[in-house]
Amino acid sequence: MTQTPTSRGRAQDRARVAGGQDHEVKYEATKEGVSKDTVKRAVKNAGNSRKKVEAEIGRR
């Protein structure tokens, strides 16, 4: 029997920032009004959780 598609994976994916994917870094940088390098540093320091990355950017 085929599984019913859910949005669970999609929600988990949106809760993370992939530091290696330029389009995600660019989106977060534009949203926060900072440079892409700042976002990459925040991902490296805080991990890939979107909330933690935004908190790390807010501290600077």
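In this predicted model, the largest nonpolar core is put together from eight residues: Val17, Val25, Ala29, Val39, Ala42, Val43, Val53 and Ile57. Helices α2, α3 (36-46) and α4 are the elements that each supply two or more of them. The biggest share comes from α3, with three residues. One of the core members, Val53, shows how pieces from separate parts of the sequence come together: beyond its neighbours within four places, Val53 is in contact with Val17, Ala42 and Val43, which are themselves listed in the core. Ala46, Gly47 and Asn48 round off the contacts of Val53.

As for the fold around this core, the chain is purely a matter of helices and loops as far as regular elements go, with four helices and zero strands. Reading along the sequence gives α-α-α-α. The overall dimensions are a bit of a surprise for anyone expecting a ball: the radius of gyration is 14 Å, whereas a compact globule of 60 residues would come out near 10 Å. Laid along the principal axes, the C-alpha atoms take up a box of roughly 50 × 20 × 15 Å. Buried residues make up 23% of the 60 in the chain. Among contacts with a separation of 6 or more, 29% link residues that sit 24 or more positions apart.

On the outside, the accessible surface adds up to about 4,800 Å², and carbon and sulfur atoms account for 47% of that. Charged side chains are split into 15 positive and 8 negative ones, and the centres of these two sets are 4 Å apart.

Next comes Arg50, a positive residue with a lot going on around it. Arg50 sits in helix α4 (residues 50-59). Is Arg50 buried or exposed? Its relative accessibility is 15%, so Arg50 counts as buried, given that the cut-off for that label is under 20%. Once neighbours within four places are set aside, the contacts of Arg50 are Arg14, Ala15, Arg16, Val17, Glu24, Tyr27, Glu28 and Lys31. Val17 is also a member of the core described above. A further pairing across the sequence is that of Arg50 with Ala18, where 32 residues along the chain translate into a C-alpha separation of 9.3 Å.

Two of the residues touching Arg50 can be followed a little further. Ala15 belongs to the loop between α1 (8-14) and α2 (22-32). With a relative accessible area of 35%, Ala15 is partly exposed. Besides Arg50, the contacts of Ala15 outside its own sequence neighbourhood are Asn48 and Ser49. For Ala15 and Asn48, a gap of 33 residues along the chain goes with 8.5 Å between C-alpha atoms. Arg14, in turn, is part of helix α1. Here the relative accessibility reaches 60%, so Arg14 counts as exposed, the threshold being over 50%. Arg14 and Ala46 are 32 residues apart in sequence, with 16 Å between their C-alpha atoms.

Finally, Lys40 gives a view of helix α3, where it is located. How does Lys40 count in terms of accessibility? At 40% relative accessibility, Lys40 is partly exposed. Apart from neighbours within four places, the contacts of Lys40 are Gly19 and Val25, and Val25 is again one of the core residues. Lys40 and Thr30 are ten residues apart in sequence, and their C-alpha atoms are 13 Å apart in space.

Methods:
Residues are numbered from 1 along each chain as its sequence is written. This is a predicted model: local features need pLDDT of at least 70, side-chain atom pairs count only at pLDDT 80 or more; totals for chains, interfaces and linings use all residues. Side-chain values use heavy atoms; hydrogens and water are left out. The radius of gyration is taken over C-alpha atoms; the globule rule is 2.2 Å times the number of residues to the power 0.38. Buried means under 20% relative accessible area, exposed over 50%, partly exposed in between (1.4 Å probe, protein chains only). Contact means heavy atoms within 4.5 Å. Accessible areas come from the Shrake-Rupley method with a 1.4 Å probe; for residues, only the protein chains shown count as cover. Lys and Arg count as positive and Asp and Glu as negative; His and the chain ends are not counted. The place of a charge is taken as NZ of Lys, CZ of Arg, CG of Asp or CD of Glu. A nonpolar core is a set of buried Ala, Val, Leu, Ile, Met, Phe, Trp, Tyr and Cys residues joined through side-chain atoms within 4.5 Å.
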